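Please walk through this structure step by step, from its surface to its interior, and explain how its parts are held together.

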Amino acid sequence: MEKYYSAERSTQMLVYLMKAHNIKKVVVSPGMKNYCFVGSIQNDPFFELYSCADEKSAAYMAVGLAEASGEPVALSCTGATASRNYMSALTEAYYNKLPILAVTSMTHVGEIGQLIPQIIDRRTEPTDIIKYNAQIPMVKSNDDEWSNNVLMNAALLELTRHGGGPVLINLTTECSWDFSVKTLPETRVIKRVGYEDEFPELEGKQVGIFIGNHREFSKELTELIEKFCEKYNGVVICDQSSNYRGKYAVYPAVVTHQKLYPSPLREMDLMIHIGQISGAYIKLLPEKVWRVDEDGEVRDTFRKLSKVFEMSDKKFFETYVKKAENKADSQMEYYKEWEEEIERIRVKIPELPFSNAWIAKNMMADIPDGSYVNFGILNTLRNWNFVDGKDIHAYANTGGFGIDGIASTTIGASFQDKNRLCFGIMGDLAFFYDINSIGNRHVGNNVRILVVNNGLGVEFRNYGHPANEFGEEADKYMAAGGHNGHQSRDLLKNYAEALGFEYMSAATKEEFLEAKKTFVNKEITDKPMLFEVFTNTEDESQSLMLIETVEKTLKATMKKTIKKVIKR
């Protein structure tokens with residue numbers, strides 16, 4: 001019976017990607033755990049194989065071959081101590097920046113430490129033998145396939161990055177006897193582009209620039225992005241923490257959060273992804289993604305990454321604007337479609353109950369230009385992303401994405417410039433978690449904190465959240481209700497005033513609009529301010545539902561109905 005490629009998907013993926021990244025030289029040592037991999041590559045004429053029974057010698061042969069050829073060279077061995085014999089040569093490769101790909105093999109990771117023959121732990125290695133360690137499980141789900149693809153691409157790219165060096169791919173196997181796969185199934189290939197590399201052609205009728213949490217943009221970079229959009233029919237997709245204030249910016253969360261309407265604008269030919277973590281949960285469906293960042297890391301947020309540009313945003317946009325200087329400007333159709341879609345849905349939203357979402361709608365425009373604003377993660381950031389941004393410096397603690405430290409981060413930012421207003425907007429759990437910060441003696445009069453006090457973690461009581469299925473029982477533990485005075489009207493008032501804050505509160509829309517005048521006063525007054533707003537879980541949940549279900553399609557409505565029937 002003829003032998004072709006192994007039926008094991010992880011092995012197929014690695015072989016396919018090695019070919020795509022032009023890694024053809026392999027020094028092979030004998031063994032059972034690596035036989036699926038070796039059996040696959042020895043039947044493919046692309047690969048140039050060499051045999052060596054001594055793994056230490058094999059690794060040094062790879063060192064010599066890599067040094068002499070200037071190409072990456074792979075190694076393959078079985079389990080047990082075979083891989084340990086690679087260490088001396090990998091140390092040599094590490095310090096001399098030689099691109100050695102060590103492909104080790106083992107059965108299930110759960111067997112580590114269970115006194116099973118030939119199972120050793122290679123999940124961690126000495127810090128100076130490899131640049132990258134990719135642990136590859138068997139593919140049992142779509143998530144496994146996606147994750148393995150990202151890890152393998154990242155590992156292979158690391159071989160030649162920043163001068164090069166050795167990497168490890170530890171390939172899990174079930175030692176399948178099936179070698180019947182005649183043609184390797186395609187798997188996504190991710191490439192890296194550096195400053196000195198040839199830039200690929202940019203093709204696509206609809207181009208979106210997605211900006212996550214980002215520092216303030218210079219005037220030069222803003223103008224480059226505007227020109228890029230004009231040349232490539234682009235739109236700049238933002239959340240509040242994007243900090244992009246140029247033309248062609250849209251805030252599409254109100255569209256992408258629709259539960260009963262999948263907007264076709266979410267699909268685009270190409271997305272340029274810049275910035276860091278976005279907390280807006282903007283659901284987009286790009287055909288492919290180019291990630292631009294000086295760190296050059298493989299970050300596959302949208303699971304469509306095809307290229308990583310290891311460079312500054314400025315270099316990227318400058319290059320593509322120059323490449324298109326003889327190209328006629330687009331009519332900006334994609335941007336205009338987004339603008340119209342967002343406005344069409346916003347005008348359908350009815351009057352909201354008194355809630356975080358209502359506060360955002362009625363306060364954002366009044367925050368003085370140039371202010372610093374820290375939005376609390378999740379519920380607060382979500383609701384404030386339903387409205388457009390403005391000329392402020394916005395931030396959200398999306399890096400760790402926890403409720404801790406939001407007030408402290410706001411206060412820390414206020415130290416930089418005492419003449420700049422610094423607003424912190426957060427829920428009660430986040431504020432009380434960090435309450436000691438407002439007692440710091442360095443707190444200045446430019447600090448203004450808005451606490452939306454609904455008495456618990458309202459996220460867990462929002463419609464559609466699985467915890468809300470428990471009703472009020474969720475308040476006991478999941479939503480942490482009843483702490484911090486249980487919406488006491490005096491607790492925070494007395495505490496804040498004792499610390500020298502000007503305190504104000506509101507429990508109705510009318511009270512809020514009146515107190516807001518003082519809170520957003522553009523002049524720095526003689527005291528820091530704390531504005532406590534009391535809402536309830538029913539109104540918070542109702543507001544979110546009204547926003548997220550305002551637009552409907554027959555198909556989506558039928559799907560939702562069927563799900564409810566099945567659930568019953």
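**A guided reading of the model**

Phe460, Phe470 and Met478 make a nonpolar surface patch of about 270 Å². Patches here are made of residues with over 30% relative accessible area and no salt bridge, nonpolar side chains (Val, Leu, Ile, Met, Phe, Trp, Tyr) being joined within 5 Å and like charges within 9 Å, and the accessible areas come from the Shrake-Rupley method with a 1.4 Å probe, only the protein chains shown counting as cover for residues. This is a predicted model, in which local features need pLDDT of at least 70 and side-chain atom pairs count only at pLDDT 80 or more, whereas totals for chains, interfaces and linings use all residues. Residues are numbered from 1 along each chain as its sequence is written, and side-chain values use heavy atoms, with hydrogens and water left out.

Within the patch, Phe470 is placed in the loop between β19 and α14, where helices (H or I, at least four residues) and strands (E, at least two) are DSSP runs numbered from the N terminus. Phe470 is partly exposed because its relative accessible area is 49%, the classes being buried for under 20%, exposed for over 50% and partly exposed in between (1.4 Å probe, protein chains only). The loop between β19 (447–453) and α14 (491–498) also holds Gln487, which has a positive phi of about 60° although it is not a glycine. Gln487 counts as partly exposed because its relative accessible area is 21%.

For the chain as a whole, there are 17 helices and 21 strands, and the C-alpha atoms fill a box of roughly 80 × 65 × 55 Å, taken along the principal axes. Of its 568 residues, 54% count as buried. Helix α1 (residues 9–20) offers an example of such burial: nine of its 12 residues are buried, so α1 is largely enclosed by the rest of the structure. Among these buried residues are Arg9, Met13, Leu14, Val15 and Leu17. The helix reaches 16 Å from its first C-alpha to its last, close to the 16 Å expected at 1.5 Å a residue, where the expected span is 1.5 Å times one less than the number of residues. After α1 comes Asn22, whose phi is positive, near 60°. Further along the chain, Val292 in strand β14 (residues 289–293) counts as buried because its relative accessibility is 0%. The C-alpha atoms of Val292 and Glu111, which are 181 residues apart along the chain, are separated by 40 Å.

A second surface patch, this one negative, is formed by Glu333, Glu337, Glu339, Glu340 and Glu343. For such patches Lys and Arg count as positive and Asp and Glu as negative, with His and the chain ends not counted, and the place of a charge is taken as NZ of Lys, CZ of Arg, CG of Asp or CD of Glu. Glu343 lies in helix α9 (residues 333–346) and counts as partly exposed because its relative accessibility is 44%. In the loop between α8 (313–323) and α9 lies Met332, which has a positive phi of about 60° although it is not a glycine, and which counts as buried because its relative accessibility is 6%.

Side chains of opposite charge can pair when their charged atoms come close. A salt bridge is a side-chain nitrogen of Lys or Arg within 4 Å of a carboxyl oxygen of Asp or Glu, and by this rule the count comes to 31. One of them joins Arg346 and Asp388 at 3.0 Å, N to O; Arg346 lies in helix α9 and Asp388 in the loop between α11 (379–384) and β17 (393–395), so the pair ties together parts that are 42 residues apart in sequence. Lys390 and Asp369 meet in another salt bridge, at 3.2 Å from N to O. Lys390 lies in the loop between α11 and β17 and Asp369 in the loop between α10 (356–363) and β16 (372–375), so this pair ties together parts that are 21 residues apart in sequence. Lys390 counts as buried because its relative accessibility is 17%, whereas Asp369 counts as exposed because its relative accessibility is 54%. Finally, Lys131, Glu158, Arg161, Arg192, Glu297 and Glu310 are linked in a network of salt bridges.
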